[in-house]
Amino acid sequence: MAFKTLDDADLAGKRALVRVDINVPMAEGKVTDDTRLRAILPTIAKLRTGGAKVILLAHFDRPKGKVVPEMSLKPLAQPLADLLDAPVAFAADCIGEAAKAAVDSLKDGDVLLLENVRFHPGEEKNDPDFAKALAANGDLYVNDAFSAAHRAHASTEGLARLLPAYAGEQMRRELDALEAALGAPKRPVLGIVGGSKVSTKLDLLNNLVTKLDRLSIGGGMANTFLAAQGIDVGASLCEHDLADTAREIMESARKAGCELLLPIDVVTAEDVKPGVSSNVRELSGIQAGDRILDAGPKTLAKLIAAMDASATLIWNGPLGVFEVPPFDVATMAAAQHAADLAKAGKLVAVAGGGDTVAALNAAGRADDFTFVSTAGGAFLEWMEGKELPGVAALTN
């Protein structure tokens with residue numbers, strides 16, 4: 001992909017409008033997870049070092065075009081300042097006199113956070129006049145919010161049409177990693193797709209079977225594929241009405257030369273509770289009251305062998321109900337093995353999606369993966385082969 005980065009920009013004295021995603025979890029006015037705040041620090045540092053005035057644009061929650069005081073970005077200015085070890089000014093609006101006055105008072109290297117862009121209906125409508133009002137306070141535009149890049153909003157897409165546009169450091173890392181995983185990957189490429197329902201990942205599966213050498217399907221969605229082959233999955237979560245769809249995906253994979261790796265044994269229990277009595281079952285031995293809650297040891301061994309034979313791994317979704325031991329075994333073991341290979345330089349391992357990130361963090365190995373995307377919808381849409389408006393605006 002051809003997109004401009006901050007290395008291509010003349011920053012000195014310029015007003016840099018930077019779209020970031022700092023939609024962080026809060027409790028009683030305090031940030032409970034500052035991952036997204038820390039993610040934007042390299043971009044801010046690069047802009048400040050280059051002598052730019054840094055003006056942050058962001059959304060928080062879903063105020064639906066109205067001013068909702070509880071959704072103000074003001075409480076994030078100080079936590080961000082603490083991480084930067086530098087002051088962060090705040091403006092009570094993102095356009096108009098309040099924004100202009102705050103921007104005009106900036107010196108080179110200063111940082112300003114503007115109020116929630118979603119307080120204006122023009123943001124989510126990608127209204128040209130609202131985009132122009134935002135652009136009035138900038139000389140250049142930087143998008144560092146990959147997680148919002150699947151939205152064609154004024155601050156993610158419209159602005160990029162009005163000002164010289166660049167990818168921020170986090171955006172660059174994200175796009176480079178995804179290009180390495182799906183765009184021009186080292187082969188063989190293995191995909192792992194898990195989660196509860198096939199219906200939520202139809203586009204993803206249909207795209208991946210045309211791009212990958214092997215695809216491992218786990219979690220509840222694997223049950224639908226097993227049932228489509230005539231296997232009795234007992235009381236397990238299963239979308240029986242999608243059996244034909246599952247068979248179509250299997251046929252598409254066969255035609256594309258993508259080997260599907262489905263469970264060959266499973267871990268079952270009659271309920272999802274910590275420490276509940278569980279059984280390893282062959283597929284032919286699944287009982288009427290059994291709920292399939294994790295991949296079995298033979299399935300895990302086959303997946304690990306596939307990792308060893310691969311050069312690239314892209315992972316979205318857990319293999320079982322990893323939040324409830326003992327049904328975390330396969331996900332944790334697969335995460336450990338993939339991380340070991342990536343750390344040793346034997347595998348390009350890219351993962352993304354909320355549950356996947358939570359699983360890798362639970363395994364304590366997220367930092368050893370080549371790249372872990374915190375983006376949810378944008379990561380999925382990328383894997384589905386869809387164009388992301390916020391990315392397209394940087395490349396066109």
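How do the residues of the lining of the largest cavity divide into nonpolar, polar and charged? In this predicted model, the lining divides into five nonpolar, three polar and four charged residues. The structure holds one cavity of 30 Å³ or more, and the volume of the largest cavity is about 120 Å³. Its lining is made up of Asp21, Arg36, Ala39, Ile40, Asp144, Ala145, Phe146, Ser147, Gln170, Glu174, Thr374 and Ala375. Two helices, α1 (35-39) and α8 (169-183), each supply at least two residues of this lining.

The cavity can be set against the domain layout. The domain assignment splits the protein chain into domain 1 (15-172) and domain 2 (185-384). Between the C-alpha centres of domain 1 and domain 2 the distance is 36 Å. Where the two domains meet, six residues of domain 1 are in contact with nine residues of domain 2.

Next comes the nonpolar interior. Phe146, already named as a lining residue of the largest cavity, is also among the residues with the most contacts inside the largest nonpolar core, together with Leu205, Leu215, Ile217 and Phe225. That core has 77 residues. It draws at least three residues from each of domain 1 and domain 2. A second core, separate from this one, has 34 residues, including Leu11, Leu41, Leu113 and Leu140.

Isoleucine 217 can serve as a view into the largest core. Setting aside residues up to four places away in sequence, isoleucine 217 touches Val193, Leu205, Ala222, Phe225, Leu260, Leu261, Leu262 and Pro263. Two of these partners, Leu205 and Phe225, are themselves listed with isoleucine 217 among the residues with the most contacts inside the core.

The backbone has some features to check by eye. Most peptide bonds are trans, and most residues other than glycine have a negative phi. One cis peptide bond joins arginine 187 and proline 188, with omega about 5°. Proline 188 sits in the loop between α8 and β9 (189-193); α8 is one of the helices that supply the cavity lining. Another cis peptide bond links proline 325 to proline 326, and here omega is about 10°. The loop that holds proline 326 runs between β15 (312-316) and α13 (329-343).

Positive phi values turn up in the loop between β4 (53-57) and α3 (77-84), where aspartate 61 lies. Phi of aspartate 61 is near 60°, a positive value in a residue other than glycine. Lysine 64 is in the loop between β4 and α3 as well, and this residue, also not a glycine, has a positive phi of about 60°. How exposed are these residues? Aspartate 61 counts as partly exposed because its relative accessibility is 34%. Lysine 64 has a relative accessibility of 69% and therefore counts as exposed.

The last stop is alanine 393, in helix α16 (residues 389-395). Is alanine 393 buried or exposed? Its relative accessibility is 5%, so alanine 393 counts as buried. Apart from neighbours within four places in sequence, alanine 393 is in contact with Glu157, Ala160 and Arg161. Glycine 29 gives a reference point elsewhere in the chain: alanine 393 and glycine 29 are 364 residues apart in sequence, and their C-alpha atoms are 35 Å apart in space.

Definitions and conventions. Residues are numbered from 1 along each chain as its sequence is written. This is a predicted model: local features need pLDDT of at least 70, side-chain atom pairs count only at pLDDT 80 or more; totals for chains, interfaces and linings use all residues. Side-chain values use heavy atoms; hydrogens and water are left out. On a 1 Å grid over the protein atoms alone, a cavity is a set of points where a 1.4 Å probe fits but cannot get out, and a pocket is an open set with protein on both sides within 12 Å along at least five of seven lines; lining residues have an atom within 4 Å of a point. Grid points are joined across faces, edges and corners, and a volume is the space filled by probe spheres set on the points. Helices (H or I, at least four residues) and strands (E, at least two) are DSSP runs, numbered from the N terminus. Ala, Val, Leu, Ile, Met, Phe, Trp, Tyr, Cys and Pro count as nonpolar, Asp, Glu, Lys and Arg as charged, and the others, Gly among them, as polar. A nonpolar core is a set of buried Ala, Val, Leu, Ile, Met, Phe, Trp, Tyr and Cys residues joined through side-chain atoms within 4.5 Å. Buried means under 20% relative accessible area, exposed over 50%, partly exposed in between (1.4 Å probe, protein chains only). Domain bounds come from an automatic or database domain assignment. Contact means heavy atoms within 4.5 Å.
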